[in-house]
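Please open the model in your viewer, with the sequence panel alongside, and keep a selection tool at hand. The stops below are meant to be taken in order, beginning with a pair of charged side chains.

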Amino acid sequence: MSDTLYKLQGWRLRFPVIDYIDLSENNIKYLPMIRDFGMTVKETKSVGIIDLRRNKITSLTKGMIDSFSTHKFVKVDIRENPFLCDCGIIEVMEYLSLKTMPKAYDYLGSLECANPSNVRGRKLISLSPSELNCNKDTVVNFPVVILIIITITLVIITLLTLIYFRNKIKVNLFSILNKNVAT
């Protein structure tokens, strides 16, 4: 069943009169981007519901939640999943607290954490980064760290090269400077 959700990406295009797909309790682990094709289908007048409650979905992204806010003809129900509340969920928490979601997605404010155990059962939007042992100031930006490491490595290699070839550099500089003084 976990692949079924991916295969149903355009279900509103192929089956515009289906109003409810029950995929609850099917061990689905990942939530793909679910698109709302309802506006392009003339027969679609109602909201189609994809029920993904009580699966194994552990992660949410801001992109997923943002796509839900644009849905007019599809509602995705992801309640009662074992969400992992770690530093990766901070962006979703902030987004939910700032974004006004459509009425159909009011339930997102009541999503609960399943892990880690110190926040189990707590509402996702009620948590703070410090409760998740995350500090915004210490979140590592990997591209910046890699750039710093590369820069330091290049500086060290340049210094070692200059030290290794210092005698040849002195001879070459002396030769060049003496030619310029002589002429």
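Begin by selecting R54 and E80, whose side chains meet in a salt bridge with an N to O distance of 3.0 Å; bear in mind throughout that you are looking at a predicted model. R54 sits in the loop between β2 and α3, while E80 sits in the loop between β3 and β4, so the pair ties together parts that are 26 residues apart in sequence. If you colour by accessibility, R54 will come out as partly exposed, because its relative accessible area is 32%.

**The whole chain**

Before going further, zoom out and switch to a cartoon view. The chain has six helices and five strands, and reading along the sequence gives the pattern α-α-β-β-α-β-β-α-β-α-α. Of the 183 residues in the chain, 31% are buried.

**Further salt bridges**

Return now to charged side chains; the count of salt bridges comes to seven. Select D77 and R79, which form a salt bridge in which the closest N and O atoms are 2.5 Å apart. Is each partner of this pair buried or exposed, or something in between? D77 counts as buried because its relative accessibility is 5%, under the 20% cut-off, whereas R79, with a relative accessible area of 32%, is partly exposed.

Next select K103 and D106, another salt-bridged pair, with the closest N and O atoms 3.4 Å apart. Here D106 counts as partly exposed at 46% relative accessibility, and K103 counts as exposed at 69%. Then add D51 and R53 to your earlier selection of D77 and R79, since salt bridges that share partners join these four residues into one network.

**The three-stranded sheet**

Which strands make up the open sheet, and in what order? Select β1, β2 and β3: the open sheet has three strands in the order β1-β2-β3, and the pairing is parallel. The edge strands are β1 (20-22) and β3 (74-77), each of which pairs on one side only. On average, neighbouring strands of this sheet are turned by 10 degrees against each other, direction ignored.

Look first at the pairing of β1 with β2 (residues 48-51), where three bridges join the two parallel strands and where Y20 stands opposite I49 in β2. Move across to β2 and β3, which pair in the parallel sense over four bridges, and find G48, which stands opposite V74 in β3. While β3 is selected, show its side chains and turn the view: both faces of this strand are covered, with V74 and V76 buried on one side and K75 and D77 buried on the other.

**The disulfide**

Hide the sheet and select the cysteines C85 and C113, which form a disulfide with their sulfur atoms 1.9 Å apart; a search of the whole structure finds one disulfide. C85 lies in the loop between β4 (83-84) and α4 (90-98), and C113 lies in strand β5 (residues 113-115), so that the pair links distant parts of the chain, 28 residues apart. Measured in your viewer or not, the value to compare is the computed angle of -90 degrees about the S-S bond, with which the link is left-handed. C85 counts as buried at 1% relative accessibility, and C113 is also buried, with a relative accessible area of 4%.

**A contact across the sequence**

For a brief stop, select S67, which is found in helix α3 (residues 62-70) and counts as buried at 12% relative accessibility. Add R35 to the selection: the two residues are 32 residues apart in sequence and 7.4 Å apart in space, C-alpha to C-alpha.

**The nonpolar patch**

Finish with a surface view. Select V155, L159, L162, Y164, F165, I169, L173 and L177, which form a nonpolar patch on the surface with about 780 Å² of accessible area together. Where do these residues come from? Helices α5 (142-164) and α6 (166-182) each supply at least two residues of the patch, and α5 gives the most, with four. As a last selection, pick out L173 in helix α6, which counts as partly exposed because its relative accessibility is 47%.

Methods:
Residues are numbered from 1 along each chain as its sequence is written. This is a predicted model: local features need pLDDT of at least 70, side-chain atom pairs count only at pLDDT 80 or more; totals for chains, interfaces and linings use all residues. Side-chain values use heavy atoms; hydrogens and water are left out. Patches are made of residues with over 30% relative accessible area and no salt bridge: like charges are joined within 9 Å, nonpolar side chains (Val, Leu, Ile, Met, Phe, Trp, Tyr) within 5 Å. Accessible areas come from the Shrake-Rupley method with a 1.4 Å probe; for residues, only the protein chains shown count as cover. Buried means under 20% relative accessible area, exposed over 50%, partly exposed in between (1.4 Å probe, protein chains only). Two strands pair if DSSP finds at least two bridges between them. Axes are lines fitted to C-alpha atoms, for helices over the stretch in contact, and angles run from 0 to 180 degrees between N-to-C directions. A disulfide is a pair of cysteine sulfur atoms within 2.5 Å.
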